[in-house]
Amino acid sequence: MTLSDAKDFSMSTHEDGLGGTGGGSLAVTVDNEIDGRRLAIRVGRAEPVQCAIDGLYERLGRGPGADDSLRCAVSEEDVPFFADLEIAEYRQQQCPDLHWLFAGPTGGASGRPKIGAADPEAAAAALQQDLDALWAGGGPEARGWRRFQLDPLRWVVVMPATDVEGRSTHFFVRLDGRRYDQWPPEVQFVEPESWEPASGGRWWPASDPLADRSRPRWFGLHPLYDFHDGDPRPLVCFAHALGYYEASHASTPDVRWVQGRHTVADTLDRVAEILSPPYFRGVSR
Amino acid sequence: MIAIPAWAWKAVVDTFAGTAGMVERVVFLDGVAAGDSAVDGGVVTTVTLPQADESEGHWHVSAHEMSRAGGHLRLYGLTRLAQVHSHPGPWTGHSSEDDELAFSQAPGTISIVLPAHGLTCPGLGDAGVHRREDRSWRRLEHDEVARYVKVVPSVLDLRYQ
């Protein structure tokens, strides 16, 4: 915001005949509390609140984050809660000025965390114990998962995958517990002929383009990632997988792997989520 | 171009050096924008210290704390012009986390990284100065820095003694 802009802090709801449906459009004013800039997002009167939210993130040049805060400036009510409401109805019922406040987390890190070596026997025992405990509950079998062991530290879990249109397939997920459970297991999608990592084709899930707003920000699939050690390899990247830390990816305190709190069950839950609607888009071509 | 008054830069360095414990720290440089876009720069008037979760290798400011750290921007009509954070060693590059979680991804945004937790009284020449370009962050070459960010005198005493 410039000084000239700052002179006008009146609530700014605009109606005009531009675009939109149902007789014009409405402008939502968003004060970005992170950088102090003010944005105007224009949506058709009959469009849902979600359209304005999408427009906001497009202007911000980033996707939505789980920890973001977007609220009505007057009522302090959470905006995404009303995402399905028509914007005109939302204005009438919830936020008369259509004036929102946005904030999101920031952070940084100096680089790769120190990932120390683990005792292989202890790591293998811890991984097997947690997998046994998970399977003993019956949940994995109910979800169609099967598991088998490659060697003391490595297991393969066969997981079903379903896309938004209900088409089903399956993937082989290799878990490597070489740093377990101080760190999460390494996760790789592997080919059944060799149990070596796939980086495309039938055994690699479709990697959504970064511009896809439905792609969860907590998960990334990199067919070939340039690691610090100079050995490019596939990276299945989320906070409950070892590669995430080896690649120095973001690790905010609320998602970071915590020994004793997280187990391989959390890792598999996350993989299953990405292999389900709305995220899973089929196999890579 | 962002103009940082010398007093403001000193406040940043003093803040980092005054840290109890060897942890990464962050401050934001707020001020009067020269235009509507981050590429326009501006003049720093205010050094903002957010309530951050700080550790040896990471720093994190929650959305709630970013909201608290941004209330004065609306109140005084200011804009966040840059962020400054410290690294523990001599490396002043941008990690992937620095890239992803910087305060803004708007082209022209400036992020400054100080070495050694800022304990060596670093100047801009010792820092890594990073600029968000259209698609990614880029570290500015030393001879480029002054085009985008500069420390300017706060007081000039030109009187003959």
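Mentor: Welcome! Two strands pair if DSSP finds at least two bridges between them, strands being DSSP runs of E with at least two residues and helices runs of H or I with at least four, numbered from the N terminus. This is a predicted model, where local features need pLDDT of at least 70, side-chain atom pairs count only at pLDDT 80 or more, and totals for chains, interfaces and linings use all residues. Residues are numbered from 1 along each chain as its sequence is written, while chains are lettered from A and ligands numbered from 1 in the order in which they are written.

Trainee: Which residue in β5(B) is the bridge partner of A:Thr106?

Mentor: Strand β6 (residues 106-109) of chain A runs antiparallel to β5(B), and four bridges join them. In β5(B), A:Thr106 has as its bridge partner B:Val61.

Trainee: How many residues does the contact take from chain A?

Mentor: Two residues are in contact if their C-beta atoms, placed from the backbone, lie within 7 Å. Chain B gives 40 residues, and the number from chain A is 32.

Trainee: Why are the buried residues of α4(A) on the same side?

Mentor: Buried means 20 or more other C-beta atoms within 10 Å of a residue's own, exposed 12 or fewer, and partly exposed in between, with C-beta atoms placed from the backbone. In α4(A), the buried residues are A:Ala123, A:Ala124, A:Leu127, A:Asp130, A:Leu131 and A:Leu134. They lie on the same side because the arc they cover around the axis, taken from the directions from the helix axis to the C-beta atoms, is only 140 degrees.

Trainee: Which residue with a positive phi follows α4(A)?

Mentor: Helix α4 of chain A spans residues 120-136. Its follower has a phi near 85 degrees, and that residue is A:Gly138.

Terms used:
Expected span 1.5 Å × (residues − 1).
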